[in-house]
Amino acid sequence: MALPGSAAPQRAADDDSTRILVFSKTAGFRHDSIPDGIAAVQDLGARNGFLVDATEDAAAFTPENLGRYDAVVFLSTTGDVLDAEQQRAFEGYIGSGGGYAGVHAAADTEYDWPFYGGLAGAYFESHPEIQPATVLVEDRAHAATAHLGPTWDRTDEWYNYRTNPRDTARVLASLDESSYRGGTMDGDHPIAWCQEYEGGRAFYTGLGHTKESYTEPAFLAHLLGGIRYATGDAAADCRPETGYTPLFDGTGAGLDAWRQAGPGSFIPDGTDGSTLTSSGGMGLLWYGEREFAAYSLKLDWRMSGDDNSGVFVGFPASDDPWTAVEQGYEIQIDASDAPDRTTGAVYGVQSADIEARDGALNPPGEWNTFEIRVEGERLRVWLNGVLVNDFTNTDPARSLREGHIGLQNHGDGDEVSFRNIRIRELPDGGGQ
């Protein structure tokens, strides 16, 4: 990075390398893990193809210099670290689509700057002594948490926050307050989250106090995933999420209410059995407990390559998988096919918005999230938080007003995995 006061070189027009700035200025308590954190992020960049600059000089916060970066990492900053002009520059940077990743004491920063408080998601309040605790992983599709199981046991300094960010951000992980001493958030204790904010992307994790964190593979993968979201290199649904009931999560909600129609199967895998992977076919695993009317269905899915599957909605109960094909609608999962038969399409009827879909889609091998919202005869599809299809049924032989939901196992060679299937019923007439 150019020295403050010198002309900052602009990124060349043909240079599409991802570049981040690690900012670690402190005006209050200073964590002795900051050098370890900087070195860890630099190593992550070297191993994952992005460039890393590091500074503690707030003079780096100019519109011209910030424009060189895809994301800025606030690494255990504390206190009032930017003046009014630098704050305006950073607000403009976020407003133009920039990314923010806050680590640990980033929540103990800029208490008198409301924009920053909203960006970080919550301010630090207090913490007990360093001790082991159980982290509850709520979102296992986000790049920061996709590598984790439903729980994560580790030792750190566990922050309490002045407010709960759940209503404004997507909580990725929370703390089990019964697993340690000193939690003060009444049993709902977010510890990592993400959001879209004022035109940009924001990720925060309360982890990372200790030096040991920056040699811990699971934490480094967590940090890398958060940075990749902040830079825009990994897509995720970071809208707030409340009120969903699990239909399958491998733990409390298993497969007892699900039925297999036709050949093939879905095989529970992963060390915790929380992932379903298609095998053989062509068949359908459908939720037989009841039909649904107005609802928001969310689920996480991952292709291994150029595979084929789909999510069916609005079909009557049947042990014949073709009933869903002929009387319901399929939201397609397919890496390559005709526009009306590829990911996000209502199969054979309406293509997704291809530009929006391509901008939101994570590649094979990475997790994606669908939201399928049905209200009357209207069906909308969000991919990683981006609306990619808005379809209204006009076929008198079909109806979306009530029906079952199901997952397709397409055939030999098609390997698609699903997990965290959950639903939220909507009032008659829909609504958010």
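**Entry 1: Leu75**

I began with Leu75 and asked whether this residue is buried or exposed. Its relative accessible area is 1%, so I put Leu75 down as buried, since that is under 20%. I am working with a predicted model, so I keep that in mind throughout. Leu75 sits in strand 3, which covers residues 71-75.

Next I looked up what Leu75 touches, leaving aside neighbours within four places in sequence. I found Val22, Phe23, Ser24, Ile34, Gly37, Ile38, Val103 and Tyr214. I also took one long distance from Leu75. Ile331 is 256 residues away from Leu75 in sequence, and their C-alpha atoms are 41 Å apart in space.

**Entry 2: Ser24**

Ser24 was on the contact list of Leu75, so I went there next. I found Ser24 in the loop between strand 1 (18-23) and helix 1 (34-48). Ser24 is buried, with a relative accessible area of 1%. Which side chain does Ser24 meet in a polar contact? The partner is the side chain of Glu56, at 2.8 Å. Not counting residues up to four places away in sequence, Ser24 touches Arg30, Ile34, Ile38, Thr55, Glu56, Leu75 and Thr77.

**Entry 3: the nonpolar cores**

I then looked up the nonpolar cores. How many residues does the largest one have? I noted 75 residues, and Phe74, Phe90 and Tyr100 have the most contacts inside this core. Helix 5 gives the most to this core, with 7 residues. I also noted a second, separate core of 38 residues. Its members include Phe292, Leu299, Val346 and Leu379.

I picked Tyr100 for a closer check. Beyond four places in sequence, Tyr100 touches a list of residues that includes Val72, Phe74, Phe90, Ile94, Tyr116 and Phe203. Ala230 is also one of the residues that Tyr100 touches.

**Entry 4: helix 5**

Ala230 is among the buried residues of helix 5, so I turned to this helix. Helix 5 runs over residues 217-231 and has 15 residues. At 1.5 Å a residue, it should span 21 Å. I compared this with the distance between its end C-alpha atoms, which is 21 Å, so the two agree.

How many residues of helix 5 are buried? The count is 11 of 15, so I call the helix mostly covered. The buried ones include Phe219, Leu220, His222, Leu223 and Leu224. Gly225, Gly226 and Ile227 are also among the buried residues. Just after the helix comes Gly232, with a positive phi of about 90°.

**Entry 5: the disulfide**

I counted 1 disulfide. Cys194 and Cys238 form it, and their sulfur atoms are 2.0 Å apart. The torsion about the S-S bond is about -100°, so this disulfide is left-handed. What does the pair tie together? Cys194 lies in strand 10 (residues 189-197), and Cys238 lies in the loop between helix 5 and strand 12 (245-248). The pair therefore ties together parts that are 44 residues apart in sequence. Both cysteines count as buried: Cys194 is at 0% relative accessibility, and Cys238 is at 6%.

**Entry 6: Ser296**

I found Ser296 in strand 17 (residues 295-303). Ser296 counts as buried, at 0% relative accessibility. Its side chain makes a polar contact of 2.6 Å with the side chain of Tyr244. Not counting residues up to four places away in sequence, Ser296 touches Tyr244, Glu371, Ile372, Arg373, Arg422, Ile423, Arg424 and Leu426.

**Entry 7: backbone angles**

I looked up two residues that have a positive phi although they are not glycines. His104 has a phi of about 50°. His104 lies in the loop between strand 4 (99-103) and helix 4 (114-120), and is buried at 0%. Glu198 also has a positive phi of about 50°. I found Glu198 in the loop between strand 10 and strand 11 (200-205). Glu198 is exposed, with a relative accessible area of 54%.

I also noted a cis peptide bond. Gly281 and Met282 are joined by it, with omega about 15°. Met282 is in strand 16 (residues 281-287).

**Entry 8: confidence**

Last, I checked pLDDT. The chain has a mean of 94, and 95% of its residues reach 70 or more. Over residues 1-14 the value is below 50. Beyond near neighbours in sequence, this stretch has 22 contacts in the model. Where pLDDT is low, the predicted coordinates should not be read in detail.

Key: Residues are numbered from 1 along each chain as its sequence is written. This is a predicted model: local features need pLDDT of at least 70, side-chain atom pairs count only at pLDDT 80 or more; totals for chains, interfaces and linings use all residues. Side-chain values use heavy atoms; hydrogens and water are left out. Helices (H or I, at least four residues) and strands (E, at least two) are DSSP runs, numbered from the N terminus. Buried means under 20% relative accessible area, exposed over 50%, partly exposed in between (1.4 Å probe, protein chains only). A polar contact is a pair of N or O atoms within 3.5 Å; within protein, one must be able to donate a hydrogen and the other to accept it, and residues adjacent in sequence count only if both atoms are side-chain atoms. Contact means heavy atoms within 4.5 Å. The expected span of a helix is 1.5 Å times one less than its number of residues. A nonpolar core is a set of buried Ala, Val, Leu, Ile, Met, Phe, Trp, Tyr and Cys residues joined through side-chain atoms within 4.5 Å. A disulfide is a pair of cysteine sulfur atoms within 2.5 Å. pLDDT is the predictor's confidence in each residue, from 0 to 100.
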